[in-house]
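The following note gathers comments on the structure shown below. The points are numbered for ease of reference.

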Amino acid sequence: MKPGVSFSGGVLFVTLLAAASSLLLAGVERWTAPAVERARAERLKSVLSLAYPGFSAEEGIFSSREVGNDLLLLEAETASVSREPAWALIVQGRGLWGPVELLMVPDLEKRLLRSVTVLEHQETPGIGSRISEREYLDRYSGLSLERPVKVDALTGATKSSQAFSSLVEQGRKVLIKEVP
Amino acid sequence: MRKHLRSFLLALHRSNPVTVGLLGICSALAVTSRLSNALAMGVMVITVLLGTAFLISLLRKTIPDRMRLLVVMMIVSVFVITGDRLLQAWFPLISRELGPYVGLIITNCIILGRAEACYLRSPILPSLGDAFIHGLGYTGVLLAIAFFRELLGFGSLFGFMVMPESWPRWSAMTLAPGAFFVLSLLIWIGKERRQ
């Protein structure tokens with residue numbers, strides 16, 4: 001450590017270090033961007049193949065279109081026997097602490113919500129993060145698309161789960177309007 | 001060689017950051033439900049410690065005394081954010097399992113504590129040695145906790161089933177309280193043995 005450095009000298013050092021760090025991080029971000037994007041697409045496919053048994057991860061070039069602010073409707077041809085198209089909706093919105101991204105899969109014949117999966121969230125680990133666990137998400141599967149979403153909040157994570165519920169409700173409204 | 005190995009193992013035991021220093025407990029509880037997660041976290045912390053030790057030790061004669069904490073945090077953050085990004089890109093599954101705990105390595109007291117106590121004052125090689133021993137000590141404890149938690153909670157090790165199918169899974173072990181039990185037992189045993 002260098003004692004007795006003048007204040008301006010210290011500020012200069014920290015500024016230089018910050019500039020170097022930012023440059024380095026920007027480089028890392030650019031370098032890893034394609035791989036992160038690929039990992040994200042893989043995850044989407046695996047979530048969809050869970051919801052649609054006929055859907056194999058190899059196929060599935062989605063046509064996607066934006067259906068409003070931060071809502072993305074996906075459609076993919078499946079090679080399954082029924083040739084039913086795979087519909088899914090990605091909703092982005094605010095959780096309690098940061099952006100939440102979730103994927104909703106409808107069951108069009110039965111007019112139900114088949115499954116809800118959290119793709120990304122920034123809720124408190126161990127508390128709000130429980131919104132991304134299956135045990136909680138399963139409360140949404142099987143809910144009717146025709147009625148407003150009503151699911152009990154998680155004890156201890158009331159705000160996070162309320163925010164999450166309202167996102168699902170927002171998605172439900174889009175699904176009944178946009179999907180045939 | 002034997003002597004060196006002995007003193008190395010002794011240092012691992014005597015100055016273990018988790019069981020002796022009681023640092024990094026939060027992450028030790030959070031990411032040890034499976035061995036693979038504990039290993040990934042351990043590797044991340046060792047890497048961050050080594051990188052931080054090298055850079056801080058290299059810059060120790062230029063880092064202004066009264067801004068040292070700021071500088072240490074900045075250097076740690078760069079390593080952690082880079083590591084987090086690499087995990088997201090090439091190990092998305094582990095990245096999702098570890099969640100925010102990777103980012104929280106920045107606030108891991110083991111790193112800040114060692115930087116303040118050692119890297120800011122010592123030459124590069126001793127700093128790297130110190131970083132390695134402390135990182136290894138942390139990883140060792142994490143793996144030990146995860147071993148018992150995964151074995152009892154899921155009946156598996158590194159994802160492979162080793163217990164019979166009929167194994168009654170101790171779900172308490174998969175939750176945070178299970179980690180508390182195992183960690184406190186480890187701390188107790190370590191204390192008894194040191195005396």
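1. A polar contact is taken here as a pair of N or O atoms within 3.5 Å; within protein, one of them must be able to donate a hydrogen and the other to accept it. With that criterion in mind, the side chain of A:S144 comes to 3.0 Å from the backbone nitrogen of A:E146. The coordinates under discussion are those of a predicted model.

2. The setting of A:S144 deserves a comment. This serine belongs to the loop between α2 and α3 of chain A. A:S144 is classed as buried because its relative accessible area is 17%, and the limit for that class is under 20%. Apart from neighbours within four places in sequence, the residues in contact with A:S144 are A:R111, A:L112 and A:R172.

3. A:E146, whose backbone nitrogen is reached by the side chain of A:S144, also takes part in a salt bridge. Its partner is A:R111, and the closest N and O atoms of the two are 3.1 Å apart. This pair connects distant parts of the chain, since A:R111 is in the loop between β4 and β5 (112–120) of chain A and A:E146 in the loop between α2 (134–137) and α3 (158–178), 35 residues apart. A:R111 counts as partly exposed because its relative accessible area is 27%. A:E146 is likewise assigned to the partly exposed class, at 48% relative accessibility.

4. On the overall architecture, chain A comprises 3 helices and 5 strands. Read from the N terminus, the order of these elements is α-β-β-β-β-β-α-α. Chain A has 180 residues, and 42% of them count as buried. Its accessible surface is about 10,100 Å², with 56% belonging to carbon and sulfur atoms. When contacts in chain A between residues at least 6 apart in sequence are considered, 48% of them join residues at least 24 apart.

5. One residue illustrates such a contact range well enough to be listed separately. A:L89 is located in strand β3 (residues 86–94) of chain A. Its relative accessibility is 0%, and A:L89 is therefore counted as buried. The C-alpha atom of A:L89 is 7.5 Å from that of A:L175, although 86 residues separate the two along the chain.

6. Which parts of chain A does the salt bridge between A:R40 and A:E101 tie together? The N to O distance in this bridge is 2.9 Å. A:R40 lies in helix α1 (residues 7–51) and A:E101 in strand β4 (residues 99–107), so the pair joins parts that are 61 residues apart in sequence. The accessibility of the two partners should be stated as well. A:R40 is partly exposed because its relative accessibility is 27%, whereas A:E101, at 5%, counts as buried.

7. A salt bridge within one helix should also be recorded. The side chains of A:E169 and A:K173 meet at 4.0 Å, N to O. Both residues lie in helix α3 of chain A, 4 residues apart, which is about one turn of the helix. A:E169 counts as buried because its relative accessibility is 15%. Together with A:R172, this pair is linked in a network of salt bridges. Over all chains, the count comes to 9 salt bridges.

8. The interface between the two chains is the next subject. The size of an interface is often expressed as the accessible area lost when the parts come together. Chain A and chain B bury about 2,400 Å² between them, and 74% of this area is on carbon and sulfur atoms. B:M67, B:M74 and B:R85 supply 23% of the area that chain B buries against chain A, more than any other three residues. In terms of contacts, 28 residues of chain B meet 26 residues of chain A.

9. How many salt bridges are counted between chain B and chain A? The count is 1. A:E29 and B:R85 form a salt bridge, with their closest N and O atoms 3.8 Å apart. There are also 2 residue pairs in polar contact between the chains, both at pLDDT 80 or more. On the side of chain B that touches chain A, α4 (68–90) and α5 (92–98) of chain B each supply at least two residues. The largest contribution to that side comes from α4(B), with 13 residues. By class, the same side has 17 nonpolar, 3 polar and 8 charged residues.

Conventions
Residues numbered from 1 in each chain as written. Chains lettered and ligands numbered in written order. Predicted model: local features only at pLDDT ≥ 70, side-chain atom pairs only at ≥ 80, totals over all residues. Heavy atoms only, no water. Buried < 20%, exposed > 50% of the residue type's maximum accessible area, 1.4 Å probe, protein only. Contact = heavy atoms within 4.5 Å. Areas by Shrake-Rupley, 256 points an atom, 1.4 Å probe, with all protein chains shown as cover. Buried area = accessible area lost by both parts, 1.4 Å probe. Nonpolar A, V, L, I, M, F, W, Y, C, P; charged D, E, K, R; others polar.
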